[in-house]
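Notebook open, viewer open. I want to look up the ligand site and its pocket, and after that a few backbone oddities.

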Amino acid sequence: MYQLVVDDYLFDFSVLAKLRPRSVVLEAPQGFVRLLPRIARFLADRLGVDVTYKLEPAYGLCSVSLNVLSENREVVLVHLGHDFYPYPYCSLGGCQYRLPDRVVVVPGLYLGGDVEDLVKQVQGLNVKRVAIGFSTQHRRLAQQLAEKLRTEGFTVPYTGPLLGCYFAPYQRLRGQVDAFLVVAGGRFHALGLALGLSVEEHVYRVDPYRTVVEPIDDEAARVLAKRLWAMQQFREATRVAVIAGRFPGQHRPGIVAAMKKLLESHGKSYDVILAGHLTRELIDNLDPGSYDAYIVTSCPRLAVDDLGDYWKPVLAPGEAAAALRGGRYIFPW
Ligand code: SF4
């Protein structure tokens, strides 16, 4: 009764029935915003309460709109499209790993995908041991793929969720598998994992919509070359801006402290700057002579994907550490 299938995605809102909210606010990632009018009407009909939604996309659980809860004490916030965030939610009052009870997380599960065809393509890769990562919506397909590959004689030591900024379980498997398979639409997650593995391992993207398995290694190598160039320029910087995030999951006091220590130990001066959604226009508002380089401690993908071609070096924290200390390329922390 509280499940809805819309455009091949299954959303299960059963937990909302138990909470009996007075009103509901929905938020969703970019790709799901177009579904929100239909979802809002469905929930208003089932629950008999006011349902509204945010037009601005949610970037991840890192940007969950906790402020909605303090603006209205009877509202329940429903965050769609993500269900996993391994980092703490921090404010000036402290950090915690658990979201408030009035936040309901509903990932949305993709029901499509041709697992038989995907398995055939993986069989053509000349690999036998694979780890599988997936973006939240593709949990079902990734688990089916893992099971089917095992029955075909593959070794699959790990299948788990993958974010654009979290690769720890995969980094622990360096050298232990022949390839990493990333079940997700687009190139974002596969490219991130390739960088997280220092572009030293084989990463394939498994596209559930186009039923294609293809390597990301060449693209990752090109991106890495640009990152190494930015790191080289960063070494010359004397004055650095450390961007500290304002979204609850992107406010990382420990990483900011580590960057301050790093910069101090290498004789560089710095300012810490607060920003919510960081854009190049916001940085351009600063006097061009204020800083030689930037470190983004909020979302490390901003440094690579959005600001990778900025006219001054913009680095993720791991890249800044690798630039100053030397050694292998590190991403993201
Ligand atoms: S990559 Fe950026 S947007 Fe995605 S979960 Fe991490 S901090 Fe959030």
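**Entry 1: the ligand shell**

I started with the residue classes around the ligand: the shell splits into five nonpolar, two polar and two charged residues. Worth keeping in mind that this is a predicted model.

Which residues surround the ligand? I listed Y59, C62, Y85, G164, C165, Q250, R252, C299 and R301. On the class scheme used here, Tyr and Cys count as nonpolar and Gly as polar, so Y59, C62, Y85, C165 and C299 go into the nonpolar group. The charged pair is R252 and R301, and G164 and Q250 make up the polar pair.

I also checked two of the shell cysteines for burial. C62 is buried, at 10% relative accessible area. C165 comes out as buried too, with a relative accessibility of 10%. Both values fall under the 20% limit for a buried residue.

**Entry 2: the largest pocket**

Where does the ligand sit with respect to the pockets? It takes up the space of the largest pocket. I noted a volume of about 920 Å³ for that pocket.

The lining of the largest pocket runs to 41 residues. Nearest its centre I found P29, Y59, H82, F188 and H189. Y59 is a name I had already written down for the ligand shell.

Next I sorted the lining by class: 20 nonpolar residues, 16 polar and five charged.

Which helix gives the most to this lining? It is α11, with five residues. The helices α7 (188-196) and α11 (300-306) each put at least two residues into the lining. One of the shell residues, R301, falls within the 300-306 range of α11, and F188 and H189 from the centre list fall within the 188-196 range of α7.

**Entry 3: the second largest pocket**

I then moved to the second largest pocket, which has a volume of about 580 Å³. It has 28 lining residues, and V64, L66, R246, F247 and P248 are the closest to its centre. By class I get 14 nonpolar, nine polar and five charged residues in this lining.

For secondary structure, the strands β6 (89-91) and β7 (94-96) each supply at least two residues to the lining of the second largest pocket.

**Entry 4: the disulfide**

How many disulfides does the structure hold? I found one. C90 pairs with C95, and the sulfur atoms sit 2.1 Å apart. By residue range, C90 falls in β6 (89-91) and C95 in β7 (94-96).

Is this disulfide right-handed or left-handed? The S-S torsion of C90 and C95 is about 110°, so I wrote down right-handed.

The two partners differ in burial class. C90 has a relative accessible area of 6% and is buried, whereas C95 has 47% and is partly exposed. The cut-off for exposed is over 50%, so C95 stays in the partly exposed class.

**Entry 5: backbone oddities**

A reminder to myself before this entry: most residues other than glycine have a negative phi, and most peptide bonds are trans.

V199 goes against that, with a positive phi of about 55° although it is not a glycine. I placed V199 in the loop between α7 and β13. V199 is partly exposed, with 23% relative accessible area.

T211 also has a positive phi, near 50°, and is not a glycine either. T211 sits in the loop between β13 and β14 (212-215).

Which peptide bond is cis? I have the one joining F331 and P332, with omega of about 0°. P332 is in the segment after α12 (317-325).

**Entry 6: two residues and their distances**

Y204 belongs to strand β13 (residues 203-207). Is Y204 buried or exposed? Its relative accessible area is 12%, so it counts as buried. From Y204 to V33 I get 28 Å between C-alpha atoms, with the two positions 171 residues apart in sequence numbering.

R325 lies in helix α12. R325 is exposed, with a relative accessible area of 62%. R325 and V115 are 210 residues apart in sequence, and their C-alpha atoms are 44 Å apart in space.

How values were computed. Residues are numbered from 1 along each chain as its sequence is written. This is a predicted model: local features need pLDDT of at least 70, side-chain atom pairs count only at pLDDT 80 or more; totals for chains, interfaces and linings use all residues. Side-chain values use heavy atoms; hydrogens and water are left out. A residue is near a molecule or strand if one of its heavy atoms lies within 4 Å of it. On a 1 Å grid over the protein atoms alone, a cavity is a set of points where a 1.4 Å probe fits but cannot get out, and a pocket is an open set with protein on both sides within 12 Å along at least five of seven lines; lining residues have an atom within 4 Å of a point. A molecule sits in a cavity or pocket if more than half of its atoms lie within 2 Å of its grid points. Grid points are joined across faces, edges and corners, and a volume is the space filled by probe spheres set on the points. Helices (H or I, at least four residues) and strands (E, at least two) are DSSP runs, numbered from the N terminus. A disulfide is a pair of cysteine sulfur atoms within 2.5 Å. Buried means under 20% relative accessible area, exposed over 50%, partly exposed in between (1.4 Å probe, protein chains only).
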